[in-house]
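Please keep the model open in your viewer and follow the stops below in order, making each selection before reading on.

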Amino acid sequence: MREIKILAIVLFFTAVTYWGVEPYAHSQMHPHVAPADFGFKEIAPLHVNGNVDNGKVLVEANCIACHSIKSLGLEAPMSFEEAASAYGIVPPDLSHAGVIYDKNYLAGFLKDPVSATQLSHKFGDAKPYAMPSFSFLSEQEIADVVAYLGNIVSTKISDKGVFEEACGRCHSMKYDGLKAQTPNTFIKSYLGAEAPDVSMMIRSKKAEYLHTFINEPLKMVEGIAMPRVGLTEASQAQVVSYMESVGDRKKAERESLGLKLIGFMAIFTLIAYLWKVQIWREVE
Amino acid sequence: MAEIRKSEGLIDWLDQRLAVKAFMRVMMTEYWIPKNINFLWAMGVVLVVLFGVLLVTGLLLLMYYKPDINLAFDSVNYTIMQEVEYGWLWRHMHGVAASATFLIIYIHLLTGIYYGSYKKGREMIWITGMVLFIAFSAEAFSGYMLPWGQMSYWAAQVITNLFSGIPLIGDDVVIWIRGDYVVADATLTRFFMLHVVLLPLVIIIVIAVHFYSLRFPHVNNQESEVLNFEIESKKFLEGRKKESKVVPFWPVFLSKDFFVVGFFMMIFFALVCYQFDFAMDPINFEPANSMKTPAHIYPEWYFLWNYEVLRGFFFDIGGMAAMDIGLIAFVIANIVFMILPFLDRNPMNTAPAHKRPVFKYWFWLLVVDMIVLTVYGKLPPTGVNAWVGFVAAVIFLGLFIALPFITKYEAKGDAQ
């Protein structure tokens, strides 16, 4: 009985210390923020339905001068290196743009890229954003473009594919052999900061943080150079899952082995207990 | 030379040459431990097991780790964590065992204080124990640098910089420790040497001395009862086992310890596989970057209490710079436990704390204060947090100033 009481006291003080230095301290260091907003509510929603055929014409006339659509065999007009020196950054491939990015976000982005990406602290009249505004298009035309982009491919994109299209222009994933399409020196002069390799980001930032962070980087880190890219909730989950498959590749093994190790020690403890009882019966 | 006969078997053969039977008696079957103890007396054996875990996993990690600032991070996070079979397990066990070692050290240390096991002939056990604490601290600090993550780098930067507070030679000492003007490759390689060779060697030697120092004053017991070990052990050997107040180390004492170790290791593996962030801070999975200071720099949890003593003095007092006061307080905090047996002016009374009228309050205040220091050592030192830290740091120092007076007062009471 006395031992149980002592154990309770030890566990109590240990638990209080743990609570203080882990959950409590972290809640103080990382103040609560609004949850991720996958509705992109501050962007005015589209009120018209797009026409795919019309969109195709518009995309061919306006987009493919800079963007590739590899799924249709349309290669980029320039190499990554050339594109980076021409625009400051490599323009994204559009094969899945209409699927992985939110439709309202895409529309808002076409009208005003700097506001949609939340990069007004980095770009303006003095330093223009690489992607021009298409606000001269009508609401209907924008809806057409978005509708067409969403219809280019019907097959589901892989987790790695989402990462390559949405993140891989700036970020490397060296533990999976992926090198950023834009060389880091260009990114630095374009955005004012280098884009880090994200191989271990799943362990350093954790999935929960990434969920809010990727959705809206500026809300989480003041003055950050990373744009809001407007991934849908499902595509963002694919990105995080890809990051986990690279940076925490042994998670499944860890979680299943854990039970076996605990089970092994439980059996050990039981046998040790029975042995102890037997031995101490002689002396007590 | 002893007379050598034809041996009756392997044990006998060894016994004639190495006296293994006598050795086993001295070390195991006739090494007497009081019977009246609780599971807190098993913490020493838990620590031995943890040190074994650290040693074995450390050797395995050493086969793949590369002490070079350009290779270290990837050798840990890619080669070990992903490529090597069960490399992640060795690393998680190593990291969690390091943290768990400190938790058990603190329990072990507070047990020693509570039951008065640091005085009346047991001073050397206490002092060698505190030397071990310091050696383990240096071992943990040097090991934390090796993955070359953000906190490895910045904690090293901040902690090595503390030495600049030494009068006159401070700045030179910092450069001498780092081997460079800033924390750099030379710092990593020398800390690697400390972590894998020099400090483990020191620790193993001091552990041996720590065990040896137990032999003469013997292990304390729950009531601090003074036992005549000769009489009690004789009773045991005569078969009056129930009547004897002592038990042999093997198998009786260890049979209980195995049970405690098993129970502890269950929790340990749960932490290793499911709850390891407290021991392996996520921020250290970001590669070291000298151009990017983390928003919050803090040491591992087990250093927080003395870090907060350092940080608690955040304003100048009477013309003395806050930094200097903090440094002095920090140095005191690090050595004050070492001299505890001499601060206690009631050296003959070894009763457990709950039987001592004032000391019991002193003890629990110390526990609570150290927890407050630990928690506030991690919180951002702003607003009210800074003041809580300051008060807790003053209380900590005050407790040790008060201790001689409290114990002297108790001694007077005992004399009446």
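Begin with an overview of the charged pairs: over all chains, the count of salt bridges comes to 28 by the rule applied here. Please bear in mind throughout that this is a predicted model.

For a single example, select Asp248(A) and Arg203(A), which form a salt bridge whose closest N and O atoms are 3.6 Å apart. Because Asp248(A) sits in the loop between helix 13 (233-247) and helix 14 (251-281) of chain A, while Arg203(A) belongs to helix 10 (residues 201-204) of chain A, the pair ties together parts that are 45 residues apart in sequence.

Next, display chain A and chain B together and turn to the interface, where 64 residues of chain B are in contact with 52 residues of chain A. The two chains bury about 5500 Å² between them, and 68% of that area is on carbon and sulfur atoms.

Within the interface of chain B and chain A, the rule finds eight salt bridges. One to select is the pair Glu83(B) and Arg249(A), whose side chains meet in a salt bridge at 3.4 Å, N to O. Across the interface of these chains there are also 27 residue pairs in polar contact, with both residues at pLDDT 80 or more.

Now colour the side of chain B that touches chain A by element: those that give two or more residues to this side are helix 4 (72-83), helix 5 (87-114), helix 11 (249-274) and helix 15 (359-378) of chain B. Helix 11 of chain B gives the most, with 16 residues. Recolouring by residue class, you will find that the residues of this side of chain B divide into 43 nonpolar, eleven polar and ten charged.

Stay with helix 11 of chain B, and select Pro251(B), which lies in that helix. The peptide bond that leads from Trp250(B) to Pro251(B) is cis, with omega near 0 degrees.

For another backbone detail, move to Ala19(B), which is placed in the loop between helix 1 (10-18) and helix 2 (20-29) of chain B. The phi angle of Ala19(B) is near 55 degrees, a positive value in a residue other than glycine.

As the last stop, which residues form a nonpolar patch on the surface? Select Leu55(B), Val56(B), Leu59(B), Leu62(B) and Ile204(B), which together have about 410 Å² of accessible area. The largest share of the patch, four residues, comes from helix 3 (residues 43-62) of chain B, and Val56(B) is a residue of that helix.

How values were computed. Residues numbered from 1 in each chain as written. Chains lettered and ligands numbered in written order. Predicted model: local features only at pLDDT ≥ 70, side-chain atom pairs only at ≥ 80, totals over all residues. Heavy atoms only, no water. Patch = residues over 30% accessible without salt bridge, like charges linked within 9 Å, V, L, I, M, F, W, Y side chains within 5 Å. Areas by Shrake-Rupley, 256 points an atom, 1.4 Å probe, with all protein chains shown as cover. Salt bridge = Lys/Arg side-chain N within 4 Å of Asp/Glu carboxyl O. Contact = heavy atoms within 4.5 Å. Buried area = accessible area lost by both parts, 1.4 Å probe. Polar contact = N/O pair within 3.5 Å; in protein donor to acceptor, adjacent residues only side chain to side chain. Nonpolar A, V, L, I, M, F, W, Y, C, P; charged D, E, K, R; others polar.
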